[in-house]
Amino acid sequence: RVKEGANIDYEKMQKFTIKVTVKDVDGLEFSDDIVIKVIDVNEPPKITPQEFTFPEDSKPGTKKGPIEAKDPDTKNPKFNDLKFYPVDENEKFEIKENGDIVLKGELDYETEKSYVVKVYVTDGEFTDTTDITINVGNVVEKSEVKITRVEAGDSVYLNPTKDKPIYTNKEVILVEWKQDGKTKSSVETLT
């Protein structure tokens, strides 16, 4: 019988050897070693919250990870073959069995700065669950600007370019432009 409070861990020691001595009533004694083998049992894996960052200009198919989990069963490969799964499917990210996180769609920092995906790990018998936070890294986007119209007094210039500059002696001009597909305008004072 194992002594109460004894901590027997297969991963630390697979067998114990104890010397046993027996003595009969006549004083004869015999000593021998007894080997007690420890039987490995499966222990549950542990997973803790983790964070990963995808820059917002990442392309679908970009991978991060892997997600990490710990399993105390280091000596027996059949007990520590960990696999990862999402608790619920996610439209932006795929969780691969090996713990890789794969981007499935476009990201936009200005729309959504982070996502939380609930993931569980299993060794085939036991599971553990945690939240994986996936941050979206901001990337400064270059605005596309094109001047579409300039009014200087009675003169109107459409789609001027640096090859076709505008000459005017008017102090106030109206400028119209497209920025990222949106039309904008302003009145400018030339000095």
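Six bridges link β3 to strand β9, residues 127-137, and the two strands run parallel. That is a good place to start looking around this structure, which is a predicted model. To find one of these bridges yourself, go to Q50: its partner in β9 is I132.

**The sheet around β3 and β9**

Now step back to see where this pair belongs. An open sheet of four strands has the order β3-β9-β8-β5, and its pairing is mixed. Which strands stand at the edges? They are β3 and β5 (83-86); each has a single partner strand, so one side of each is left without a neighbour in the sheet. On average, neighbouring strands of this sheet are turned by 35° against each other, with direction ignored.

**A second open sheet**

Another open sheet of four strands has the order β11-β10-β12-β13, and here the pairing is antiparallel. Its edge strands are β11 (155-158) and β13 (182-189), each of which pairs on one side only. The average turn between neighbouring strands of this sheet is 20°, direction ignored. Within it, strand β12 (residues 172-179) is joined to β13 by eight bridges, and these two run antiparallel. If you look for Q179, you will see that it stands opposite K182 in β13.

**The hairpin of β1 and β2**

Next, turn to the beginning of the chain. β1 and β2 form a hairpin with five residues between them, and G27 in the turn has a positive phi of about 90°. Nine bridges hold the antiparallel pairing of β1 and β2. One pair to look up is K15 and its bridge partner in β2, K37.

V20 is also worth finding, as it lies in strand β1. Although V20 and S31 are 11 residues apart in sequence, their C-alpha atoms are 5.5 Å apart in space.

**The largest pocket**

The hairpin strands appear again here: β1 (15-23) and β2 (29-37) each supply at least two residues of the lining of the largest pocket. How might one look for such a space? Rolling a probe the size of a water molecule over the atoms shows where empty space is left. The volume of the largest pocket is about 230 Å³. Its lining is made up of R1, V2, A6, N7, I8, F16, I18, I36, K37 and V38. Sorted by class, that lining has seven nonpolar, one polar and two charged residues. K37 therefore plays two parts in this account: it lines the largest pocket and is the bridge partner of K15.**Buried or exposed?**

Three residues show how accessibility can vary along the chain.

| Residue | Relative accessible area | Class |
|---|---|---|
| S58 | 9% | buried |
| V20 | 30% | partly exposed |
| K46 | 53% | exposed |

Why does S58 count as buried? Its relative accessibility is 9%, and buried means under 20%. S58 is placed in the loop between β3 (50-55) and β4 (63-64). A polar atom of the S58 side chain lies 2.7 Å from the backbone oxygen of P55.

K46 is found in another loop, the one between β2 and β3. K46 is exposed because its relative accessible area is 53%, and exposed means over 50%. From K46 to S114 there are 68 residues in sequence and 24 Å in space, C-alpha to C-alpha.

Note on methods: Residues numbered from 1 in each chain as written. Predicted model: local features only at pLDDT ≥ 70, side-chain atom pairs only at ≥ 80, totals over all residues. Heavy atoms only, no water. Buried < 20%, exposed > 50% of the residue type's maximum accessible area, 1.4 Å probe, protein only. Polar contact = N/O pair within 3.5 Å; in protein donor to acceptor, adjacent residues only side chain to side chain. Pairing = 2+ DSSP bridges. Axes fitted to C-alpha atoms, helices over the stretch in contact; angles between N-to-C directions. 1 Å grid on protein atoms, 1.4 Å probe; cavity = no way out; pocket = protein on both sides within 12 Å on 5 of 7 lines; lining within 4 Å. Points joined across faces, edges and corners; volume = space filled by probe spheres on them. Nonpolar A, V, L, I, M, F, W, Y, C, P; charged D, E, K, R; others polar.
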